[in-house]
Amino acid sequence: NSFCTLLGDATMSTVGRFSRRTPKTVKSRRAVKKMEAKVFEDAKKALFLTGLNSSDTINDAMVDLRALMQPHCKKLAKRNDFNPWTGTEHLEFLGFKNDCSLFVFGSHNKKRPNNLVLGRQFDFNVLDMIEFGVIGADRINLSEAAGRNCASAGSRPAMIFEGSEFEAEPFFQRLKNFFLDFFGGSLENEVNLAGVDRAIVISLRSTNGADAVHAPSSDCRGTMPIKEKGNVVVCFRHYGVEQTKAATSVMTSASNIKLVDIGPNFDLEVRRVAWADGPAFKRASRLPKQVLATLKHMHDNVDTDGLGNLRGQLHVGTQQIDSMALRKFKAHKEQKRSKLNSAAANISANAAAAATLEKRRAAKETGELATYDGATLKARKAAAEAVAAESGASKGPARKRHRKGAPDAAEMLGADVDI
């Protein structure tokens, strides 16, 4: 038994908490390879299941929903004796076996008539689940689209959500994310607007149509009664999008398109909701680096290099270096304004003195300066000494100073003489 157990473990491949036998034929290998995890996943497929009891309303609704999700859906004809709210093991196993991460479960009973359960899985574990009651339905009718270029099978629809609740309240934000994941179709990042020929419009109203919309509690599990019932009715409408003859390849305004009501249309009363907790939803929403690099509308200036590494380019604004905590250098310190002013004054005075001396030397070389004899020079010196004696600045005769490079007595007294 132990040898068989070891051999069985060696020949099994594990996905989540389920195991799949190792394929032995070429055909089975190709089938298993398609079910392996990929960086760029394929479009999600929906599994349609029916409970032990059903009704014509539920059967028609499931047929119409299957027509909307073609070709990404699969139906099991066998009736299932289980309830998704009491146990999810059988539901998760069927999703793993058929490689379907979405499911639609229809049932009917006296307590919950015309019951429709929609849900999604991550790693083949139920992530989110919501129960609707079909209180109004219109069958799909393609007679209005006959002869029109709209509502082609398998095309990706435009999802339109009417109401501020889808942007303001957390419950309806998750509901919007759920419908986008369920009816979004293929996972292309770029879509040609000329090929958008279907539109799904989802709006909200209260049960009586007069009160404000109030969300129910989102932690329903097992058979426990619901804490907060709420009064939400989801209005699901499906239209065909036809471009007028005046429209170009790009739809620039609403006047260029025409909506054709082709159904199906549903009024779905929200009965029970079970959202995943925060960590589980965050883990399911995580994207690989290769996928992030392709989403240019979410991450600008992000791409991958030749080795597959994620690279990004950052654009930094003007930096305030004066207020940043950087290493202080003496050369970078800001000097006081008084010191700068005094230094500038000294520089300007020196420049003026140098200009004056240069002017005098030039005049002396050209002979423009007057020539005085010795008597005149002595008279000027005596007059200068007399003025100094009267002012008290000097009591004795001025002593003649001779220094290398210093001006002589004649220059100090202001005499324009030739030495």
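**Entry 1. Surface patch**

I began at the surface, where Ile321, Met324 and Leu326 form a nonpolar patch with about 270 Å² of accessible area together. I note at once that the model is a predicted one. I then looked up the position of methionine 324, which lies in the loop between strand E14 (310–312) and helix H9 (337–366). Is methionine 324 buried or exposed, or does it fall in between? Its relative accessibility is 33%, so I recorded methionine 324 as partly exposed; the buried class ends at 20% and the exposed class begins over 50%.

**Entry 2. The chain as a whole**

I next took the overall values. The chain contains 11 helices and 14 strands. Of its 419 residues, 31% are buried. I found an exposed area of about 27800 Å² for the chain, with 53% of it supplied by carbon and sulfur atoms. For contacts between residues at least 6 apart in sequence, I noted that 69% join residues at least 24 apart.

**Entry 3. Strand E9 and its partners**

I turned to strand E9, residues 198–206. Why do I call strand E9 largely enclosed? I do so because 8 of its 9 residues are buried.

I then listed the strands that pair with E9. Strand E8 (residues 158–161) runs parallel to E9, and the two are joined by 4 bridges. Within this pairing I located methionine 159, which stands opposite isoleucine 200 of E9. Strand E10 (residues 232–243) runs antiparallel to E9, with 9 bridges between them. Here I looked up isoleucine 202 and found that its bridge partner in E10 is phenylalanine 236. As a reminder to myself, side chains in a regular strand alternate between the two faces of the sheet.

**Entry 4. Strands E5, E6 and E7**

I examined strand E6 (115–122) in the same manner. How many of the residues of E6 are buried? I counted 7 of its 8 residues as buried and entered the strand as mostly covered.

E6 pairs with E5 in the antiparallel sense over 6 bridges, and in this pairing phenylalanine 105 stands opposite valine 117 of E6. E6 is also joined to strand E7 (residues 125–138) by 8 bridges, and these two strands run antiparallel. On that side I found leucine 116 opposite phenylalanine 132 of E7. E6 and E7 form a hairpin with 2 residues between the strands, and in it aspartate 123 takes a positive phi near 55 degrees.

**Entry 5. Further positive phi values**

I checked the backbone for other residues of this kind. Asparagine 114, a residue other than glycine, has a positive phi near 50 degrees. I placed asparagine 114 in the loop between E5 and E6. With a relative accessible area of 17%, asparagine 114 is buried.

Aspartate 99 likewise is a residue other than glycine with a positive phi, near 55 degrees. Aspartate 99 lies in the loop between helix H4 (89–98) and strand E5 (102–107). I entered aspartate 99 as partly exposed because its relative accessibility is 25%, whereas buried residues lie under 20%.

**Entry 6. Cis peptide bonds**

Which residues does the cis bond ending at proline 71 join? I found it between glutamine 70 and proline 71, with omega near 0 degrees. Proline 71 sits in the loop between helix H3 (56–69) and strand E4 (73–80). I also recorded a cis bond from glycine 263 to proline 264, again with omega near 0 degrees. Proline 264 belongs to the loop between strand E11 (257–261) and strand E12 (265–274).

**Entry 7. Aromatic rings**

I finished with the aromatic side chains. Pairing rings whose centres lie within 6.5 Å, I obtained 14 aromatic pairs. I took phenylalanine 178 and phenylalanine 179 as an example: their ring centres are 6.0 Å apart and their planes stand at 75 degrees, so the pair is edge-to-face, a class that requires over 60 degrees. Both phenylalanine 178 and phenylalanine 179 are buried.

I then looked up the cluster that holds these two rings. One aromatic cluster is formed by Phe132, Phe161, Phe166, Phe171, Phe172, Phe178, Phe179, Phe182, Phe183, Phe236, Phe266 and Trp275. Two of its members were already in my notes: phenylalanine 132 of E7 stands opposite leucine 116, and phenylalanine 236 of E10 is the bridge partner of isoleucine 202.

Conventions:
Residues numbered from 1 in each chain as written. Predicted model: local features only at pLDDT ≥ 70, side-chain atom pairs only at ≥ 80, totals over all residues. Heavy atoms only, no water. Buried < 20%, exposed > 50% of the residue type's maximum accessible area, 1.4 Å probe, protein only. Contact = heavy atoms within 4.5 Å. Areas by Shrake-Rupley, 256 points an atom, 1.4 Å probe, with all protein chains shown as cover. Patch = residues over 30% accessible without salt bridge, like charges linked within 9 Å, V, L, I, M, F, W, Y side chains within 5 Å. Salt bridge = Lys/Arg side-chain N within 4 Å of Asp/Glu carboxyl O. Pairing = 2+ DSSP bridges. Phe/Tyr/Trp six-rings, centres within 6.5 Å; stacked < 30°, edge-to-face > 60°.
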